[in-house]
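Please look over the following model before reading on. The notes after it go through part of its secondary structure.

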Amino acid sequence: MSGPPDFRIETSELRSEDEFAEFAHQDLEYYVDYRGTFHKVPLCPDDESLRASGAEVAIVGAPLDDGTSGRPGARFGPMAIRAAPTTFGTLEAWSIQLEVEPFRVVNVVDAGDAPVASSRHARGLRVIHEKVFRVASSGAIPIVLGGDHSITYPSAAAVARFRHPRSVGVIHFDTHADTADSVSGSLISHGTPMRRLIDEGWIDGSNFVQVGLHGYWPEQETFEWMREHGLRWHSMVEIEERGAEAVIADAIAEALDGPECIYLSVDIDVVDPGMAPGTGTPEPGGMLPRELLRAVRQIVGRVDLVGMDVVEVSPPYDQSEVTAMLAHRVVLEALSALAKKRG
């Protein structure tokens with residue numbers, strides 16, 4: 001009696017006649033032929049190429065963490081978010097959640113980084129403002145990758161400046177309110193951007209809606225200031241008691257109560273550090289990733305989005321790139337929601 005047959009894989013590949021040219025740059029895995037752009041979209045780092053691209057959305061890097069009061073490292077956030085593991089090329093991205101191919105519907109490019117020089121915080125904020133303003137002026141929606149949260153001050157101001165006289169509102173996901181007047185004497189800390197936007201008149205206080213606040217900062221006096229200026233906020237306690245779905249529905253309604261368009265700011269530390277450890281100021285007890293991603297889809301699908309940022313990703317404290325991946329997916333969910341709305 002003969003023995004069992006050998007295990008053979010006679011045909012394991014569909015081979016191309018020209019293997020070297022078989023796959024385009026966008027078809028390869030994220031770690032192959034890496035060119036430093038978000039999801040391998042085209043790079044348009046200057047005004048001319050950006051305008052020529054006809055981009056509807058442009059990714060902007062803001063690699064600055066000089067406003068950090070705790071653990072540094074968010075300056076490496078834009079690079080980490082762009083390089084976050086993805087399992088598909090640009091055009092093959094298919095949103096199971098929204099059943100849309102975002103990059104086939106929305107023209108997205110990467111506008112590169114603002115020319116930030118470390119240790120020159122004020123200059124960094126000025127050049128970020130100029131970069132975001134130029135992107136907005138090209139007709140593209142800027143999506144800014146931070147960087148610490150101080151970058152929201154110049155970024156949202158740039159969008160409000162370009163959209164003037166239209167009123168811009170802000171929906172802000174965060175553990176912290178970031179409405180302090182100063183932090184250790186600094187008026188431009190990552191704990192003060194929302195106060196600066198309101199004090200300087202870029203955004204009206206009644207047009208701010210904050211989601212996910214919890215923990216032990218800022219102090220009571222700052223919340224009194226927030227009440228006086230009409231800010232509205234939804235704490236994690238409210239999310240726990242009422243559920244994220246109901247809270248996000250209220251936040252959207254409040255955001256549309258007055259403003260004509262919305263700037264969305266997502267501090268990754270709004271998510272529990274057990275699922276997003278790579279951030280400078282973690283606070284236990286935050287949102288679940290799926291709650292945040294669903295919230296982004298719902299918000300972008302309902303409002304006129306004119307700008308967005310994702311901040312406080314600090315790769316030195318990340319584990320297996322999970323925080324960078326979440327930040328990447330926050331942007332991708334926003335793009336998918338834009339595509340679903342337009343398509």
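What follows covers a sheet first and then a pair of helices.

The model is a predicted one. Its open sheet has 8 strands, and the pairing within the sheet is parallel. Read across the sheet, the strands come in the order 2-1-3-8-7-4-5-6. The edges are taken by strand 2 (108-113) and strand 6 (232-235). Each of these two has a single partner strand, so one side of each is left without a neighbour in the sheet. From one strand to the next, the twist averages 15 degrees.

At one edge, the partner of strand 2 can be followed residue by residue. Strand 1 (residues 57-62) pairs with strand 2 over 4 bridges, in the parallel sense. Within this pairing, Ile 59 stands opposite Asp 110 of strand 2.

The helices come next. Helix 10 spans residues 289-302 and helix 11 spans residues 322-342. Their axes come within 8 Å of each other and cross at roughly 30 degrees. Angles under 35 degrees count as roughly parallel, which means that helix 10 is roughly parallel to helix 11. The crossing of helix 10 past helix 11 is right-handed.

Which residues meet where helix 10 and helix 11 are in contact? From helix 10 come Pro 289, Leu 292, Leu 293, Val 296, Arg 297, Val 300 and Gly 301. Helix 11 contributes Leu 326, Arg 329, Val 330, Glu 333, Ala 334, Ala 337, Leu 338 and Lys 341. Sorted by class, the contact between helix 10 and helix 11 has 10 nonpolar, 1 polar and 4 charged residues.

Note on methods: Residues are numbered from 1 along each chain as its sequence is written. This is a predicted model: local features need pLDDT of at least 70, side-chain atom pairs count only at pLDDT 80 or more; totals for chains, interfaces and linings use all residues. Side-chain values use heavy atoms; hydrogens and water are left out. Axes are lines fitted to C-alpha atoms, for helices over the stretch in contact, and angles run from 0 to 180 degrees between N-to-C directions. Angles under 35 degrees count as roughly parallel, over 145 as roughly antiparallel, 65 to 115 as roughly perpendicular and the rest as oblique. A crossing is left-handed if the near helix is turned anticlockwise from the far one by less than a right angle, and right-handed if clockwise. Contact means heavy atoms within 4.5 Å. Ala, Val, Leu, Ile, Met, Phe, Trp, Tyr, Cys and Pro count as nonpolar, Asp, Glu, Lys and Arg as charged, and the others, Gly among them, as polar. Two strands pair if DSSP finds at least two bridges between them.
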